[in-house]
Amino acid sequence: MNEIPIEDIQEYLKDEPTFVIDSLPIYLNPNHKNISIDLSGGADSALTSWLILRELNRRNQDCTLHIISHHRCWKSKPWQGFISKHVYDHLYKLRGNVKMIRHTNFIPEGLESIAVEGDNRTGENICVDEYRDMLIFDLDIDMGYNCTTMNPPIPMENRVLSRDKDAIAEGYLVDHNERLANPLAYTNKAWVIKQYKDNNILDLLYVTRSCEGYIFNRDPAEWDGTRQEDCGECFWCLERHWAMDENGVPHV
């Protein structure tokens, strides 16, 4: 796998307004009054939200943080909305002086696997994109954050490692035209878990859920509203467990 040195990220963002976490620069414009973060309920987006909240408080920046949760697979994985709400509630207690607003929408289950003719995106992606555009327009959001990390160096069948690149993609870390940032795009999950450990916020980590496995041996309609046990077998479970092991963090 072709690693991208963190020095390359620092060089790429050297002229941008950033704050630095464990050598990683993260874009944050001091003039922005509204920021959106896609919060799935996973570890990456929860950490990004916490880091942005902490930095906004440190700067005493007058800014509203809009937390957006797109509820996907609400029939087959109905707990996803439950998890994202719990993560938001935990973050809300840590917001300090920053104003936070939560926005939600539902992605119809039928769109999850429908390909759009002439476009390599799925119907789901188009729906999410259009919803984000609507929020940016209606709320005058200055910058939105996506929060997906690269994949870890563990063998996964039929899985392309997103960090297997020769260079940083142009405009991917920060796209001013789209008003969008991907601060963790070239950072692996072990770096993410390290931030939870170093900043003593493992309680937030344990509220998050990375598993993308389905309910096993049960009809989704019978879900009782409690936290669903991780499957321990999907890519995202293996990725999370690998990263926790790298940092000596117990699986809870």
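In this predicted model, a useful place to begin is a single pairing between two strands, where Ile35 has Leu65 in E4 as its bridge partner. That pair belongs to a longer contact between E3 and E4, two strands that run parallel and are joined by five bridges. Together with helix H2, these two strands make a right-handed β-α-β unit, in the order E3, H2 and E4.

On its other pairing, strand E4, which covers residues 64-71, meets E5 in the parallel sense over eight bridges. Within this pairing, Ile68 has His103 in E5 as its bridge partner, and His71 stands opposite Phe106 in E5.

These strands are part of an open sheet of six strands with mixed pairing, whose order is E5-E4-E3-E8-E10-E9. Because strand E5 (99-106) and strand E9 (174-175) each have a single partner strand, they stand at the edges, and one side of each is left without a neighbour in the sheet.

Two helices can now be placed against the strands. Helix H2, made of residues 43-59, lies across strand E3 (34-38), E4, E5 and strand E8 (143-145), and runs at about 160 degrees to E3. Helix H3, made of residues 79-93, lies across E4 and E5, and runs at about 175 degrees to E5.

How are the two faces of E4 placed, buried or exposed? Thr64, His66, Ile68 and His70 on one side are all buried, as are Leu65, Ile67, Ser69 and His71 on the other, so that both faces are covered. Since eight of the eight residues of E4 are buried, this strand is largely enclosed by the rest of the structure.

Methods:
Residues numbered from 1 in each chain as written. Predicted model: local features only at pLDDT ≥ 70, side-chain atom pairs only at ≥ 80, totals over all residues. Heavy atoms only, no water. Pairing = 2+ DSSP bridges. Helix = DSSP H or I, 4+ residues; strand = E, 2+ residues; numbered from the N terminus. Contact = heavy atoms within 4.5 Å. Axes fitted to C-alpha atoms, helices over the stretch in contact; angles between N-to-C directions. Buried < 20%, exposed > 50% of the residue type's maximum accessible area, 1.4 Å probe, protein only. Right-handed = clockwise from strand over helix to strand, strands pointing away.
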